Amino acid sequence: MGDPDTLAQLSLLSRDEADQTFAEPWQAQAFAVVVEFIESGRLTQEEWSQRLSAELKAAEGRGEYDTGERYYAHWLAALERLAVDRDITAWNELAAEREETRMNDHHRRNEQLKSP
Amino acid sequence: MADDKPAQADYDLRTRALVSVLTRKGLVDPASMDAVVEYHESQVGPHVGAGLVARSWVDPDYRRRLLADARAVAREDKLTGFQSTDLVAVANTPSVHNLVVCTLCSCYPWSLLGLPPTWYKDSSYRARAVIDPRNVLREFGLDLDDEVEVRVWDSTAEVRYLVIPERPPGTDDMSVDELAALVTRDSMIGAETLTAIGQQ
């Protein structure tokens, strides 16, 4: 696991943190998708553990040592990759869906601004 | 603490897009996803594990069974998550201190302890807990005597660990519920030891 020199540069560990379950709503959503997949038998604990671990390793390989704060970002990336690998969706479908969601948000915001 | 705002907005967008694709294809149900989140935010948490630990302090037979086959005990107690995953309970003693990590990702006994704390997912913790557990514990504020053996348990998708901390001194007159209130999440990972007032 990681070379000692790099590890030595990491800040000292601290157990201090706010005792909250999810920092942002999207983290809860991404978490829930995986739980649903596992409970419905679409995904095993083993496969998820391997996929998440690969995502974390890749990030560390890029020098992105993290203090656990970006954990759900890696979780989300692993989940997107799973959906694409399984042919559930494709990268371009996800991109198109994001664009549509963004446009809908934009539209809704404008509507809200218009209403008194 | 989360990333900066623009990054959070991007993660939020990506998550919503993915969830709507999955919902449209009938692979997830937003209502049951809400139930999953609700369950993990309100129902499961360290109080579940604390109940097991406190009972193990007052009931020697329960303790024996817990240490012999924690998974069977967890299933008797109707705890979820141990259908395909094993659970092992390890007890701290005056001469042995146990510490749990997942070097691969963040495998954790969620139904007993709730979601893992941020430091448990920290790449530094995941890497160093195995190599240098004494110093990690020292940085956590736990300075163990040299005579105390430190055992590190690396969690996997197949097996999760629960540390049974030592019962704090001066708690002989306490009820099981009072004892359970002393047991912290971090003590059940092995990141701290307990004192009678519950805090160090």
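The following paragraphs lead through a predicted model, from the overall build of chain B to a nonpolar core and then to one serine.

Chain B, whose secondary structure comes to 11 helices and 4 strands, has a C-alpha trace that spans about 55 × 35 × 30 Å along its principal axes. Buried residues make up 53% of its 200 residues, and among the contacts in chain B with a separation of 6 or more, 65% are between residues 24 or more positions apart. The accessible surface of chain B comes to about 8800 Å², with 52% of it belonging to carbon and sulfur atoms, while the mean positions of its 21 positive and 31 negative charges are 6 Å apart.

In chain A, the domain assignment gives domain 1 (24–85) and domain 2 (90–116), and the C-alpha centres of these two domains lie 25 Å apart.

In soluble globular proteins, nonpolar side chains tend to be buried together. The largest nonpolar core here holds 89 residues, of which F31(A), F37(A), W75(A), L112(B) and Y125(B) touch the most other members. Helix α4 of chain A, residues 71–85, supplies the largest share of this core, with 10 residues. Setting aside neighbours within four places in sequence, F31(A) is in contact with F22(A), Y72(A) and W75(A) in chain A, and with V36(B), H40(B), W110(B) and L115(B) in chain B.

A further residue to follow is S123(B), found in helix α8 of chain B, residues 123–131. Is S123(B) buried or exposed? Its relative accessibility is 3%, and S123(B) therefore counts as buried, the cut-off for that class being under 20%. Apart from residues up to four places away in sequence, S123(B) touches E60(A), Y65(A) and D66(A).

Methods:
Residues numbered from 1 in each chain as written. Chains lettered and ligands numbered in written order. Predicted model: local features only at pLDDT ≥ 70, side-chain atom pairs only at ≥ 80, totals over all residues. Heavy atoms only, no water. Core = buried A, V, L, I, M, F, W, Y, C linked by side-chain atoms within 4.5 Å. Buried < 20%, exposed > 50% of the residue type's maximum accessible area, 1.4 Å probe, protein only. Helix = DSSP H or I, 4+ residues; strand = E, 2+ residues; numbered from the N terminus. Contact = heavy atoms within 4.5 Å. Domains from an automatic or database assignment. Areas by Shrake-Rupley, 256 points an atom, 1.4 Å probe, with all protein chains shown as cover. Lys, Arg positive; Asp, Glu negative; His and termini not counted. Charge placed at Lys NZ, Arg CZ, Asp CG, Glu CD.
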